[in-house]
Amino acid sequence: QKMVLVFDICSSTSILEDLLQSENEAKWRNLLISLKKFLRHESESHVFDIYKFVGDGWILLFDPAFDASTLFDLLRRLCEEYERLFRKSIEPVLSVDIKNIGITFGIDKGTLVRIVMNEKVEYIGRPLNLATRLQSAIKDKDQKPEGKVMISKNVYAGMSKVLRPLYRVETARRKLRNISGTGEHICKKLWLFQKPPV
């Protein structure tokens, strides 16, 4: 079993289109390389697999028993590192105002099937699909999705005691495209930079 974390950079298409017009696309490439270095450094001490780069984000694989407080601290620091890189090298050369600056996350866990295709290790399985759909569903009904995590119920159940005192968490209902099951999926939405209401 694996815990699957999918993350995506908000507004990446708009950012890249603007950078292409001003011939500053190398700055975006450099930002992505810097994020990859950050992830590699973190994976050495926290032991997770950087499975795949998906154009404007990554898929990371963790042991399902990975410590919840360590995981969410990592996500906060990843958001902070992205914002630092963005403010330093991207924002000064943009000609448009980008409203949503940050990263969104989706998390699920379960069994993945490991296969080798074209001499590369690949994985297939519902947790990959569900984590991807959860990440995308953050933007539904939310005009400021950055810094938020959508977590499947079964993952949150094992983390709730740790997360509930530290973060604002709400139950969310979302229709998830191409995921089996009728109607809306019930999941948890977590704010990385907000504490629970008193």
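**Exercise 1. Find the loop between strands S5 and S6 in this predicted model, and work out what stands out about Asn118 and Glu119.**

Step 1: Start with the location. Strand S5 covers 113–117 and strand S6 covers 120–124, and Asn118 sits in the loop between them. Glu119 is in that loop too.

Step 2: Check the backbone angles. Asn118 isn't a glycine, yet its phi is positive, at about 50°. Glu119 isn't a glycine either, and its phi is positive as well, at about 65°.

Step 3: Are these residues buried or exposed? Exposed means over 50% relative accessible area. Asn118 has 75%, so it counts as exposed. Glu119 has 81%, so it counts as exposed too.

**Exercise 2. Describe the ring pair made by Phe53 and Trp58.**

Step 1: Know what to look for. A pair of aromatic rings is described by how far apart the centres are and by the angle between the planes.

Step 2: Get the overall count. Searching the whole structure turns up eight aromatic pairs. Phe53 and Trp58 make one that is 4.8 Å from centre to centre, with 55° between the planes.

Step 3: Name the geometry. Under 30 degrees would be stacked and over 60 would be edge-to-face, so an angle of 55° makes this pair tilted.

Step 4: Compare the cover on each partner. Trp58 has a relative accessibility of 4%, which is under the 20% cut-off, so it is buried. Phe53 has a relative accessible area of 40%, so it is partly exposed.

Step 5: Look for other rings. Phe53 and Trp58 belong to a cluster, linked by ring pairs, that also takes in Phe7 and Phe105.

**Exercise 3. Zoom out and decide how compact the protein chain is.**

Step 1: Count the elements. You should get five helices and nine strands. Reading along the sequence, their order is β-α-α-β-β-α-β-β-β-α-β-α-β-β.

Step 2: Use the radius of gyration. It is 17 Å, and the globule rule gives 16 Å for 198 residues; the two are close, so the chain is as compact as a globular protein of that length. Along its principal axes, the C-alpha trace spans about 50 × 45 × 35 Å.

Step 3: Look at burial and contacts. Of the 198 residues, 46% count as buried. Among contacts with a separation of 6 or more, 70% come from residues 24 or more positions apart.

Step 4: Finish with the surface and the charges. The chain exposes about 10800 Å², with carbon and sulfur atoms supplying 48% of that. There are 33 positive and 25 negative charges, and their mean positions lie 6 Å apart.

Methods. Residues are numbered from 1 along each chain as its sequence is written. This is a predicted model: local features need pLDDT of at least 70, side-chain atom pairs count only at pLDDT 80 or more; totals for chains, interfaces and linings use all residues. Side-chain values use heavy atoms; hydrogens and water are left out. Helices (H or I, at least four residues) and strands (E, at least two) are DSSP runs, numbered from the N terminus. The radius of gyration is taken over C-alpha atoms; the globule rule is 2.2 Å times the number of residues to the power 0.38. Buried means under 20% relative accessible area, exposed over 50%, partly exposed in between (1.4 Å probe, protein chains only). Contact means heavy atoms within 4.5 Å. Accessible areas come from the Shrake-Rupley method with a 1.4 Å probe; for residues, only the protein chains shown count as cover. Lys and Arg count as positive and Asp and Glu as negative; His and the chain ends are not counted. The place of a charge is taken as NZ of Lys, CZ of Arg, CG of Asp or CD of Glu. Rings of Phe, Tyr and Trp (its six-membered ring) pair if their centres lie within 6.5 Å; planes under 30 degrees apart count as stacked, over 60 as edge-to-face and the rest as tilted.
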